[in-house]
Amino acid sequence: QLHVPVDLMLSCRLDDVLMVPEIMQYCQEACDFAAASPDAEVTKGVRRCTLLVTNAQPSPNPPFPTFNEPPSLSAFQSMPNARVVNSRLSMELVKEALSRMSDPCRIVVSGPSGFNA
């Protein structure tokens, strides 16, 4: 388990939003930690999460064929440390996230192979 603040920016299409329950659990862990230790820096769970969502793409070969419908994101968005943005990742969103991060910080970026090149 990491004992450092973790902020998450996740971008996906509505037809592949698969981990919302797990991410909500991590966000709740951070909320519980903050409530129990209001003067301490949050070092448990996901301190802040921004879920970037774009429209599903009609395809004869969907990315997850057994995925029936997108989850309700209203419960996720109602969390104090989570938000949903109907947009692609932008420089403005990255700059906003960086301005709220602790110093020093480590940034990990992952995506499709072309994105990681």
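**Exercise 1.** In this predicted model, find which side chain makes a polar contact with the side chain of Arg47, and decide whether Arg47 is buried or exposed.

*Solution.* Begin at the side chain of Arg47, which makes a polar contact with the side chain of Asp7 at 2.8 Å. Next, place Arg47 along the chain, where it sits in the loop between α1 and β2. Then compare its relative accessible area of 13% with the cut-off, since buried means under 20%; Arg47 is therefore buried. Finally, list its surroundings: leaving aside neighbours within four places in sequence, Arg47 is in contact with residues including Pro5, Val6, Asp7, Ala30, Asn81 and Arg100.

**Exercise 2.** Work out where the buried residues of α1 lie around the helix axis, and which elements they pack against.

*Solution.* Start with the helix itself, which covers residues 20-36 and reaches 24 Å from its first C-alpha to its last, close to the 24 Å expected. Its buried residues are Val20, Ile23, Cys27, Ala30 and Cys31. Viewed down the axis of α1, these buried residues fall within an arc of 100°, so they line one face of the helix. An α-helix has 3.6 residues a turn, so residues three or four places apart point the same way. The face turned away from the buried side carries the exposed residues Pro21 and Ala36. As a last step, look at the partners: the buried residues of α1 pack against β1, β2, α2 and β3.

**Exercise 3.** State in what order the elements of the protein chain run from the N terminus on.

*Solution.* Count four helices and three strands, then read their order as β-α-β-α-β-α-α.

Note on methods: Residues are numbered from 1 along each chain as its sequence is written. This is a predicted model: local features need pLDDT of at least 70, side-chain atom pairs count only at pLDDT 80 or more; totals for chains, interfaces and linings use all residues. Side-chain values use heavy atoms; hydrogens and water are left out. Helices (H or I, at least four residues) and strands (E, at least two) are DSSP runs, numbered from the N terminus. The expected span of a helix is 1.5 Å times one less than its number of residues. Buried means under 20% relative accessible area, exposed over 50%, partly exposed in between (1.4 Å probe, protein chains only). The arc is that of the directions from the helix axis to the C-beta atoms. Contact means heavy atoms within 4.5 Å. A polar contact is a pair of N or O atoms within 3.5 Å; within protein, one must be able to donate a hydrogen and the other to accept it, and residues adjacent in sequence count only if both atoms are side-chain atoms.
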